[in-house]
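Take a moment with the sequence and the model shown here before reading on. The paragraphs below are meant as a guide for a reader who meets this structure for the first time.

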Amino acid sequence: MAEKITSYRFDRLDQTLSQLNKADCAIIAGGTDVMVLHKSRRGVPPKIPKPIVFIDHLSELKQVYQNHKDLHIGACCTYSELLENPIIPLPLKNAIKTIAAPAIRNRGTLGGNICNASPAGDTLPLLYVYNAKVLLRSVNGDRVVNVNDFIQGPRRVQRLTNEILAEIILPSIFEEGAHVVFEKVGNRNADAIAKVSFAGYLRVKGDRIEDIRIAFGAVGPTMVRSIDIEKKLLGKTTPLAEANIAQVVADFNKIIKPIDDQRSTAVYRKNVALNLLHYFLSMKQIQPNE
Ligand SMILES: Cc1cc2nc3c(=O)[nH]c(=O)nc-3n(C[C@H](O)[C@H](O)[C@H](O)COP(=O)(O)OP(=O)(O)OC[C@H]3O[C@@H](n4cnc5c(N)ncnc54)[C@H](O)[C@@H]3O)c2cc1C
């Protein structure tokens, strides 16, 4: 016989936060990672060793709005909802379209992708180059943390047990002129986990690079980004000289340390990652940040 578990599904966020403050609970948004993590034999319900709190229905966690130049995205927006929302930037939609298949996109949430903190989480490289922040809410109030500080490693985030990830903030996203790209390499174009992913952000003034950000997914325990390497490109004239490109590729070659696993080999991952970087820096592929 299946074991009984305690679960909560409150109508409001404040009730949910109050429960999280009383006891350590397992939060379930779409459940597409949680259910796989705790899966059991066929026909046997997953065993989750804590009381469960469902949050996917909470309207407070599903708002998407512009605040000055920033975009705020409710953590429990599903991928399908984000795809339908005209305010969501095109590069993020492009990344979402590569995630799983419609059934998973109807359940999976942006907040879940961040809190699961998989090295192959497809939204993460983009969130890193957007300099995204996460807004964490508890009975004690709100705190805002940079996504790269929040994510500590595979399945490790800097969340206190009484906190919920409420919003993802993309700062200054409505500023003109940035070009943002996302690339994912998997076994297929859809319904495949990334072997390598890449995001690039470029803002040029005149012909000089004013801001450039680069992040790789699935080639380390978490996203690989280096502010020091990016800084070397600031002020450089575009299109970049091949020597500049070669230097940046060589710099990343030193810090990208992929592994062999069931999806790919370390050698393949590194080659593809550096090729994507070279392609981005050659600026052959840029798209408006709509
Ligand atoms: C068949 C299949 C295919 C998939 N394909 C892809 C893919 O191509 N690319 C990809 O990136 N992912 C993929 N995934 C993984 C998954 O769908 C995504 O990571 C998704 O975004 C998880 O969101 P969720 O709402 O379902 O998270 P859940 O499973 O509900 O939660 C994941 C983790 O985050 C925590 N959590 C969730 N929301 C919050 C919150 N608001 N505050 C605090 N903690 C929270 C949970 O406690 C849990 O630890 C796939 C999964 C499956 C089953």
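What follows goes from the ligand and its surroundings to the nonpolar core, and then to a few individual residues.

It should be said at the outset that this is a predicted model. A convenient place to begin is the ligand, which is surrounded by 31 residues, and among these the closest are I27, T32, D33, Y79 and T109. Several polar atoms of the protein lie opposite oxygen atoms of the ligand: a polar backbone atom of A29 is 2.8 Å from one ligand oxygen, and for V34 a backbone N or O atom is likewise found 2.8 Å from an oxygen atom of the ligand. With N113 the side chain takes part, since one of its polar atoms lies 2.9 Å from an oxygen atom of the ligand. On its own the ligand has 980 Å² of accessible area, and the protein covers 85% of this.

Which elements give two or more residues to the shell around the ligand? They are β2 (26-28), α2 (34-37), α6 (110-116) and β10 (164-170), and of the whole shell the largest share, four residues, comes from α6. Sorted by character, the residues of the shell comprise 17 that are nonpolar, ten that are polar and four that are charged. Seen at the level of domains, the shell takes at least three residues from domain 1 (7-170) and at least three from domain 2 (178-281).

From the ligand we can turn to the interior. In soluble globular proteins, nonpolar side chains tend to be buried together. Here the largest nonpolar core holds 39 residues, of which I73, I114, L126, L127, I168 and L170 touch the most other members. Helix α7, made up of residues 124-129, gives the most to this core, contributing five residues. The core also draws on both domain 1 (7-170) and domain 2 (178-281), with at least three residues from each.

Two charged residues allow a look at contrasting surroundings. K22 is found in helix α1, which covers residues 13-22, and K22 counts as exposed because its relative accessible area of 67% is over the cut-off of 50%. Although K22 and N162 are 140 residues apart in sequence, their C-alpha atoms are 8.0 Å apart in space. D211, by comparison, lies in strand β13, residues 208-217, and here the relative accessible area is 17%, so D211 is classed as buried, the limit being under 20%. What does the side chain of D211 make a polar contact with? The partner is the side chain of R213, at 2.7 Å.

The last stop is the backbone. Most residues other than glycine have a negative phi, and most peptide bonds are trans. Against that background, the peptide bond joining T238 and P239 is cis, with an omega of about -10°, and P239 is located in the loop between α9 (227-231) and α10 (242-255). A100 is not a glycine, yet it has a positive phi of about 45°; A100 belongs to the loop between α4 (90-97) and α5 (102-105), and with 16% relative accessibility it counts as buried. A218, also not a glycine, has a positive phi of about 70°. The loop that holds A218 runs between β13 and α9, and A218 counts as buried because its relative accessibility is 11%, which is under 20%.

Definitions and conventions: Residues numbered from 1 in each chain as written. Predicted model: local features only at pLDDT ≥ 70, side-chain atom pairs only at ≥ 80, totals over all residues. Heavy atoms only, no water. Near = heavy atom within 4 Å. Polar contact = N/O pair within 3.5 Å; in protein donor to acceptor, adjacent residues only side chain to side chain. Areas by Shrake-Rupley, 256 points an atom, 1.4 Å probe, with all protein chains shown as cover. Nonpolar A, V, L, I, M, F, W, Y, C, P; charged D, E, K, R; others polar. Domains from an automatic or database assignment. Core = buried A, V, L, I, M, F, W, Y, C linked by side-chain atoms within 4.5 Å. Buried < 20%, exposed > 50% of the residue type's maximum accessible area, 1.4 Å probe, protein only.
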